[in-house]
Amino acid sequence: ASNTDGYLLRDDPAVNIPKLKKTLDGMDWSGWLIVERSRDVKQVHNVKYNYGENVKYLKEIFQKQ
């Protein structure tokens, strides 16, 4: 799960994670998600913050019951 630097996944206007989840659900997908590089442009060197926020958001979307 990534795009270019500049936005966290939650804020990226080019990435629709809920729609992506719906597509994957329609394919009966199950497996891993890899978080790569989407970073807040104001905090590009704060790895813990960027990865933490992206993982938190992905869990909100993918772990809904």
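**Entry 1: Phe-62 and its ring partner**

I looked up Phe-62 to begin with and found that it is buried, because its relative accessible area is 19% and buried means under 20% relative accessible area, exposed over 50% and partly exposed in between, with a 1.4 Å probe and protein chains only. I note that this is a predicted model, in which local features need pLDDT of at least 70 and side-chain atom pairs count only at pLDDT 80 or more, while totals for chains, interfaces and linings use all residues. Residues are numbered from 1 along each chain as its sequence is written, and side-chain values use heavy atoms, with hydrogens and water left out.

How many aromatic pairs does a search of the whole structure find? I found 1, where rings of Phe, Tyr and Trp (its six-membered ring) pair if their centres lie within 6.5 Å, and planes under 30 degrees apart count as stacked, over 60 as edge-to-face and the rest as tilted. The rings of Trp-29 and Phe-62 have centres 6.2 Å apart and planes at 70 degrees, so I wrote this pair down as edge-to-face. Since Trp-29 lies in the loop between H1 and H2 and Phe-62 in helix H2, the pair ties together parts that are 33 residues apart in sequence; helices (H or I, at least four residues) and strands (E, at least two) are DSSP runs, numbered from the N terminus. Trp-29 itself is partly exposed, with a relative accessible area of 30%.

**Entry 2: helix H2 and the core**

I then checked the span of H2, whose 16 residues should cover 22 Å at 1.5 Å a residue, and its end C-alpha atoms are 22 Å apart, which agrees; the expected span is 1.5 Å times one less than the number of residues. Its buried residues are Asn-50, Asn-54, Tyr-57, Leu-58, Ile-61 and Phe-62. Seen down the helix axis, these buried residues fall within an arc of 120 degrees, so they line one face of H2, the arc being that of the directions from the axis to the C-beta atoms. I also saw that the buried residues of H2 pack against H1, where contact means heavy atoms within 4.5 Å.

Next I listed the largest nonpolar core, which has 7 residues: Leu-9, Ile-17, Leu-24, Tyr-57, Leu-58, Ile-61 and Phe-62. Such a core is a set of buried Ala, Val, Leu, Ile, Met, Phe, Trp, Tyr and Cys residues joined through side-chain atoms within 4.5 Å. H2 gives the largest share of this core, 4 residues.

**Entry 3: a buried serine in the loop**

Is Ser-38 buried or exposed? I found it buried, because its relative accessibility is 3%, and I placed Ser-38 in the loop between helix H1 (17–26) and helix H2 (47–62). Leaving aside neighbours within four places in sequence, the contacts of Ser-38 include Tyr-7, Leu-9, Asn-50 and Asn-54.

**Entry 4: salt bridges**

I counted 2 salt bridges in the structure, each being a side-chain nitrogen of Lys or Arg within 4 Å of a carboxyl oxygen of Asp or Glu. In one of them the side chains of Glu-60 and Arg-10 meet at 3.0 Å, N to O. Because Glu-60 lies in helix H2 and Arg-10 in the segment before H1, this pair ties together parts that are 50 residues apart in sequence. I recorded Glu-60 as partly exposed at 34% relative accessibility and Arg-10 as partly exposed at 39%.

Lys-21 forms a salt bridge with Asp-25, with the closest N and O atoms 2.5 Å apart, and both residues lie in helix H1, 4 residues apart, about one turn of the helix. Lys-21 is buried at a relative accessible area of 17%, whereas Asp-25 counts as partly exposed at 38%.
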